[in-house]
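Got the viewer open? Here is a tour of what to select next and what you'll find there.

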Amino acid sequence: MATEEPFHTDNTDLGDLESEQLYLEAANILQKLQLDKPVDEEWSLDDMEAHIEENLQDQFVQEALTQDIDLAQYSEQIQEKLQIHEKAFVQDFIGETNNIANLHIQISSCDKILESMDHMLRNFQNNLANISNEIRHLQQYSAELNIKKKNRELVRGQLSQVVDEMVVPQSMIQIIMDVPVTERQFLEQLHELSHKIKFVKEQSFHDAIACQDVQEVLEKLRIKTISKIREFILQKIYQFRKPMTNYEVPQNALLRNRFFYEFLLTNDRQIADEIRLEYIDTLSKVYFSYFKAYSTKLIKLQLDEKADKDDLLGADDRPRSNISFFSTSARPHLKHRATVFSLGNRDCVLKQELEAPIIVPHAQQKAEIKYPYEYLFRSEQYALLDNCCREYLFLCDFFMLNNRSAPDFFMEIFEKTFKLLQKNFETYISDSYDPISILLCIHLLYRYQVIANKRNVPILNRFHEILIHICENRFEIVMKANIDSVQRVEPHKFSSIELNPHFIVRRYAEFSGAVTRLNEEFSNERISTLMTRLQVEILTLIIRMANEFPQRKEQLIFIINNYDLILSVLTAYTSEDSPECDAVKNLLRERIDEYVKEVLIPYFSPLITFVRDSDQFLSDGNIKQLENKLTIISKLFSGDFKKTFDLIHNDVIRSFPSLKLSQPILKEVFTQFLSYYHDFQRLLSNNTNLKTASSNISLPNLHQLMVEIKKFKLPFDGDQFKSRS
């Protein structure tokens, strides 16, 4: 390969120096393009081999090697071609000399323009930097201004609020001075005035000089307002003193303006205390006078005849008393005295009459209507409950009392009234011998306690507990007197004692049923204990009176009739499953079992004795003796034994007037007889000696007897006498 020589230019015919210069520049450019590879680079042997291997892969080199071309000659040819092309390129370049010169001029012009733009952009960049600094400065300045603005607005708002809360407008002065306190405008301005006074007082503690400008005006308005409010409230309080005043009217007027007292309490505690004391003094006298007059008028409506110390369970007042103790039609408002030991309809005072309107004395006096004491007590206590609940809620609302201070305030008003009512009640109850009335009063108090607590007025609980304790003490005294009267009963002094239920037991049954019913909802352990003692004495009295009869059967009839009476009355007043009924049922069951055996003895004594003592007879083995006994037994059935059944039937029916009692007992009697006879036949069939002895004796079979017994219609099954499992 020939060594490349530097590019040399021949003499040209360029017209001027500038064209020649362009030609030289083009030649230099071509020369640089030819020599655009490193000349000083050192080739290692390995690099040389790699370069040869790479060139051998060239298509032209492979083609030259395959054609067996002389490389030197081939290199000269290539060199000649390159020179030809180089000259052609130079000629083309010379032909484009003008264009290249113009291009050079344009490029130079562009360089100047770009240089000026570069200078301008640099200036612009410097200006932008200055602008950025100015913007940053303006932003900081704007933030400072914004903070100042907010601070000023805040100060302005607070100052404006302070000024608004301090300034006393002319409209407020005019309304407070001229408008009546009952107008809504006055109340609205009173709220504003209260707020301003409070605000100025707070600011004066911070030494605010502006407060001095309004303190004098506010003080004058405060004095004027207090004067008007005091006059208004005292006027309403004095309305309570007028006779026949409806207390709710002035109280409602005060409640509508409850802020008046709050204003007084905040701004003049001395006037507020004056109002409170005046209210306590006035209402205390009003309620005392009202209940004193009302109680006096009520007591005049009490029934003229009432129970006295001789009206006891054990008293024998049959000649002077025709009252039916089973009567349920007696109304509590009859002109005759209420039944002492019967409840009747007296318990309606605890039901539909509990919250009925109170009794109006003058209207009832005109109608000449009298009431038992419990009705008068209900009316008085309900009036007290109503007034106390309304007053307690009013005090808490108007005088802004809490649960600690309200009871003391309330008691200052009602203490005298409570003492009056307690004294009147003690006076009446100390002379009362009507246990039903006392018990009704206790249960009225129980129910009114519940109502008061539902109305959130627990202040009455203490007063009610005192009255309940008084009633319990008196009830215990009356009950002990009745228990003593039962203990003092001497059965032998009665002119005659019949087999029917005794009148003392009737009284007890009615009284026990009444107490049981009343104590169903509110039980009282003290009363229950007294009733248990009374029951023991009554059962003992029944036994003592039964002992007056000579025959055991008559004693049992008397006992059973009285037990049945007690059970029937208790069942009417309470459920059959009650403990009271269960206790009497067990006693009655025992006596009926004994009576059933006793009533068969006069008619079938040989049969009963034989069955009962069969073991002794059979152990002796005396056939002759057995024949004699069987002969005696057969004689019981040899005649018309149906008449025996009729006699038993008539005996039981006459002994027990109540069909509900006699029919079950009759069934028990026949059932017991069939049991005896069944045992008797079982003995005859199982024992050889008895079979031999009874071979010549005619006896009816069990079926025949059952057929005859079934002719007596027994509609009752006697389950009421079965003891509970």
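## Starting on a helix

Select Ala-481 to begin: this residue sits in helix H16, which covers residues 461–487. Keep in mind as you click around that this is a predicted model. Ala-481 comes out as partly exposed, its relative accessible area being 23%. Now add Leu-312 to the selection. In sequence, Ala-481 and Leu-312 are 169 residues apart, yet their C-alpha atoms are 7.3 Å apart in space.

## Zooming out

Show the whole chain as a cartoon. You should see 26 helices and zero strands. Colour by burial next: 40% of the 725 residues count as buried. The accessible surface adds up to about 42700 Å², and carbon and sulfur atoms account for 51% of that. How do the contacts span the sequence? Taking contacts between residues at least 6 apart in sequence, 78% join residues at least 24 apart.

## Into the core

Which residues have the most contacts inside the largest nonpolar core? Select Ile-233, Leu-534, Leu-607 and Phe-673; they hold that place in a core of 179 residues. Then highlight helix H13, residues 373–398, which gives the most to this core, with 14 residues.

Stay with Ile-233 and show what surrounds it. Setting aside neighbours within four places in sequence, Ile-233 is in contact with Leu-254, Phe-260, Tyr-261, Leu-264, Ile-275 and Phe-398.

## Ring watching

Switch on the aromatic side chains: the structure holds 38 aromatic pairs. Go to Phe-394 and Phe-399, where the ring centres are 6.4 Å apart and the planes are at 85°, so this pair is edge-to-face. Buried or exposed? Phe-394 counts as buried because its relative accessibility is 3%, and Phe-399 counts as buried at 3% too.

For another edge-to-face pair, pick Phe-645 and Phe-670, with 5.6 Å centre to centre and 75° between the planes. Phe-645 belongs to helix H23 (residues 641–655) and Phe-670 to helix H24 (residues 659–686), so the pair ties together parts that are 25 residues apart in sequence. Both Phe-645 and Phe-670 are buried.

Next, look for arginines over rings. Select Arg-276 with Phe-409: Arg-276 lies over the face of that ring, 5.9 Å from its centre. Then try Arg-474 with Tyr-433, where Arg-474 lies over the face of the ring at 4.9 Å from the centre.

## Two loop stops

Move to the loop between H13 and helix H14 (405–429), where you'll find Met-400. Check its backbone: Met-400 has a positive phi of about 55°, although it is not a glycine. With a relative accessibility of 38%, Met-400 counts as partly exposed.

Then go to the loop between helix H15 (435–454) and H16 and click on Asn-456. What is phi for Asn-456? The value is near 65°, again positive in a residue other than glycine. Asn-456 is exposed, at 58% relative accessible area.

## Last stop: an annotated stretch

Finish by selecting residues 114–141. An unreviewed UniProt entry lists this range as "coiled-coil region". In the model, residues 114–141 are 100% helix and 0% strand. Put a distance label on the end C-alpha atoms of this stretch and you should get 39 Å.

Methods. Residues numbered from 1 in each chain as written. Predicted model: local features only at pLDDT ≥ 70, side-chain atom pairs only at ≥ 80, totals over all residues. Heavy atoms only, no water. Helix = DSSP H or I, 4+ residues; strand = E, 2+ residues; numbered from the N terminus. Buried < 20%, exposed > 50% of the residue type's maximum accessible area, 1.4 Å probe, protein only. Contact = heavy atoms within 4.5 Å. Areas by Shrake-Rupley, 256 points an atom, 1.4 Å probe, with all protein chains shown as cover. Phe/Tyr/Trp six-rings, centres within 6.5 Å; stacked < 30°, edge-to-face > 60°. Lys NZ or Arg CZ within 6 Å of the ring centre and 35° of its normal. Core = buried A, V, L, I, M, F, W, Y, C linked by side-chain atoms within 4.5 Å. UniProt positions renumbered as here; feature names shortened; annotations may be inferred.
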